[in-house]
Amino acid sequence: MSAVLRAHDLGKKYGKRWALRDFTVDIPAGHVVGLVGPNGAGKTTLLKLAAGQLTPTSGTIAVLGGRPEAEPAQLAMIGFVAQDTPVYAGLSVADHLRLGARLNPGWDAALARDRLERLGLDPRHRAGKLSGGQRAQLALTLGLAKRPDLLILDEPVAALDPLARREFLQGLMEAVAEHELSVVLSSHLVSDLERTCDYLIVLVGSRVRAAGEVEELLATHHRLTGPRRDPDRLPAGQHVVSARHTDRQSTLIIRTDAPIHDPAWSVSQVTLEDLVLAYMDEPAPAPLRPVLEVKR
Ligand SMILES: Nc1ncnc2c1ncn2[C@@H]1O[C@H](COP(=O)(O)OP(=O)(O)OP(=O)(O)O)[C@@H](O)[C@H]1O
C-alpha cells in the first residue's frame, strides 16, 4: 500500500521565518495520525502543505502517492477541514450539502443525509445558528461525504466542550472504521489524540521531534528514576529526551531500543502525554533531524 504522507526535508518559509523545516516522514496508509505541538509549532502549515493549499519552500511532499497541489483528481482524494470549523454562517445545513454535491465529483449524498439525521441536525437550520459542536459535526460530515482517501482535520475539536469533543471523535472513529480512510488530525490536547490515533507526530518549533506508531513510541520510551546522575553519562543508545533533577535524585525520559540493565534505575512506563511533554521540553536537537522515524 502506498504511503499516505511521504515528506523529505520538507520546509515552508513565511518571509524570512521557517514555519516548518527538515520535515521527513513516511507514513503508510490506514493510520489515524495525530499531529501535536504547541502554538506556532507549524501544524497548520504542515496540514496545508498536505492539502495542497501551500507550496513547499524546500523539499518534497507526496500525499497518497501524488503531489498534493497537482490536479483535481488528486484533490478529490483529500478532504480538508480547516481550523475553526469552516462553514458558511448564512447558509442552511441543506445548502451546505447542495454546495458539497456541486463541488465534489465523488459526493456521497446518502452518507451526508444519514449522518446529519443521526446527529439530529435540521437541514433548514442556518449554520450560523448551530452550536460549536454542531458546526464541527457539519464540517466533518462535509469532509466525509466527499469520500476522500485521506481526511485532514486541523484542530477540529479545539472549541468544543468535553462531551462534544468525545462525540465528535467517536463519530470520526466510526467513520474511519466504516470507510477505511486515513486521517491526519492536529490537536493541542494529547488526551484527544490518545483516544483516536495510532500514529503520532510531535512538532515543536517548526521541527519534528518524534514520529512513529504510538505502540512503538510507547515501547521505546521509559522513565528512569534513581540517584542523581549526569544524563551525558548514560550508555550509548540511550537518548535522553528530558531530564529533571533534585539534589539527590534524577528523573529522565529516555528513548532506547535496548533493555535497561542498570540496577540503580527504577524503570517505569510512560504515557503518551509524558512522552509528548518530554519532547516539548527538549532543546532543539542537533543535527536537525527527526529523532525518531518510522521503522520498517
Ligand atoms: N500566513 C502567514 N504569514 C506569516 N507567518 C505565518 C503565516 N502562517 C503561519 N505563520 C507563522 O508560522 C509559524 C507556524 O504557524 P502554524 O499556524 O503552522 O502553527 P500551528 O502549530 O498550527 O499553531 P496553532 O496551534 O497556534 O494553530 C508561526 O510562527 C506563525 O506565526
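Is Val 81 buried or exposed? In this predicted model, Val 81 is buried, with a relative accessible area of 6%, and the legends below begin with this residue before turning to the ligand.

**View 1. Val 81 and its contacts.** Val 81 belongs to strand E5, which covers residues 78–81. Leaving aside residues up to four places away in sequence, Val 81 touches Pro 86, Ala 139, Gly 143, Ile 152, Leu 153 and Asp 154. Val 81 counts as buried because its relative accessible area of 6% falls under the 20% limit for that term.

**View 2. Val 81 and Leu 252.** These two residues stand 171 residues apart along the chain, and their C-alpha atoms are separated by 38 Å.

**View 3. Polar atoms beside the ligand.** A backbone N or O atom of Ala 41 lies 3.0 Å from an oxygen atom of the ligand, and a polar backbone atom of Gly 42 is likewise 3.0 Å from a ligand oxygen atom. From Lys 43 it is a polar side-chain atom that lies 2.8 Å from an oxygen atom of the ligand. The ligand taken alone exposes 630 Å², of which the protein buries 61%.

**View 4. The shell around the ligand.** Strand E2 (17–28) and helix H1 (43–50) are the elements that give two or more residues to this shell, and H1 gives the most, with 3 residues. Of the 14 residues around the ligand, those that come nearest are Asn 39, Gly 40, Lys 43, Thr 44 and Thr 45. By residue class, the shell divides into 4 nonpolar, 7 polar and 3 charged residues.

Technical notes
Residues numbered from 1 in each chain as written. Predicted model: local features only at pLDDT ≥ 70, side-chain atom pairs only at ≥ 80, totals over all residues. Heavy atoms only, no water. Helix = DSSP H or I, 4+ residues; strand = E, 2+ residues; numbered from the N terminus. Buried < 20%, exposed > 50% of the residue type's maximum accessible area, 1.4 Å probe, protein only. Contact = heavy atoms within 4.5 Å. Near = heavy atom within 4 Å. Polar contact = N/O pair within 3.5 Å; in protein donor to acceptor, adjacent residues only side chain to side chain. Areas by Shrake-Rupley, 256 points an atom, 1.4 Å probe, with all protein chains shown as cover. Nonpolar A, V, L, I, M, F, W, Y, C, P; charged D, E, K, R; others polar.
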